[in-house]
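Student: I'd like to learn how to read a structure like this. Can we start with a single residue and then zoom out?
Tutor: Sure, here it is.

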Amino acid sequence: MKLWVLRHGEAEPRAKTDAERRLTAHGREQVLHSAAYLIGQPLQAIVASPYVRAQQTAALVHDTLGFAEPVRTVPWLTPEGDVQQVIGEIERLGLEHVLLVSHQPLVGTLVGALEHGDRQQPAAMSTASLAELEGEWPLAGLMTLRAIHSPA
C-alpha cells in the first residue's frame with residue numbers, strides 16, 4: 001500500500017469558525033507545488049477533511065491531476081481526529097493508493113504513528129507538506145516513511 005498524507009496549504013488566520021478558514025493565495029501556490037509530486041502516481045482516492053481549507057486543497061490537487069473520481073469528504077480527518085480511528089478507516093477503504101488531506105496535529109501524529117508505532121514522535125508537517133508512506137498494511141509501526149515533501 002502507498003499512502004500520501006497532505007496537510008492543507010496556508011490558511012487565513014481567522015474566520016467565523018476554524019472550519020471556515022480558507023486558503024490564502026500563498027497557500028494555493030503551496031498546494032500546487034506539492035500536487036506536482038503526485039503527478040503520475042496511481043491514486044485511487046482523494047479523501048479529505050470537511051474543513052474549507054482541506055476541501056480547497058483537495059480540489060486543487062484533484063484538478064491538477066485531472067483525477068476522475070470525486071473527492072471523498074469524511075468527518076474523521078479533522079484536526080483533532082483520532083489516529084487509531086483514521087488507521088482503521090484507511091484499512092476499511094481497501095485501496096492500495098490513497099491521498100489523505102487533513103490538518104495538524106492529526107497529520108503529524110498519524111505519520112509518526114504509522115512509521116514508529118506510537119504517537120510520541122509526530123512528523124514535522126508544515127503547511128502543504130506531503131508525506132509519502134509505503135507498507136503492506138496501514139498499521140501503526142508497519143509503514144515506511146519514504147519522504148516528506150515541503151513546498152519551497
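Student: What does V52 count as, going by its relative accessibility?
Tutor: Keep in mind that this is a predicted model. Buried means under 20% and exposed means over 50%. V52 comes out at 24%, so V52 counts as partly exposed.

Student: Where does V52 lie?
Tutor: In helix α2, which covers residues 52-65.

Student: And which residues is V52 in contact with, leaving aside its neighbours within four places in sequence?
Tutor: Contact here means heavy atoms within 4.5 Å. With those neighbours set aside, V52 touches A19, E20, R21 and R22. H116 makes a handy far point: V52 and H116 sit 64 residues apart along the chain, with 30 Å between their C-alpha atoms.

Student: Zooming out, in what order do the elements of the protein run?
Tutor: Starting at the N terminus, you get β-α-β-α-β-α-β-α-β-β. That's 4 helices and 6 strands.

Student: Why does the radius of gyration agree with a compact globule?
Tutor: Because a compact globule of 152 residues would have a value near 15 Å, and the protein has 14 Å. The C-alpha box along the principal axes is roughly 35 × 30 × 30 Å.

Student: How much of the protein is buried?
Tutor: Buried residues are 49% of the 152. As for contacts with a separation of 6 or more, 68% involve residues 24 or more positions apart.

Student: What about the exposed area and the charges?
Tutor: About 7100 Å² is exposed, with carbon and sulfur atoms supplying 49% of that. There are 12 positive and 17 negative side chains, and the centres of the two sets are 7 Å apart.

How values were computed. Residues numbered from 1 in each chain as written. Predicted model: local features only at pLDDT ≥ 70, side-chain atom pairs only at ≥ 80, totals over all residues. Heavy atoms only, no water. Helix = DSSP H or I, 4+ residues; strand = E, 2+ residues; numbered from the N terminus. Rg over C-alpha atoms; globule rule 2.2 N^0.38 Å. Buried < 20%, exposed > 50% of the residue type's maximum accessible area, 1.4 Å probe, protein only. Areas by Shrake-Rupley, 256 points an atom, 1.4 Å probe, with all protein chains shown as cover. Lys, Arg positive; Asp, Glu negative; His and termini not counted. Charge placed at Lys NZ, Arg CZ, Asp CG, Glu CD.
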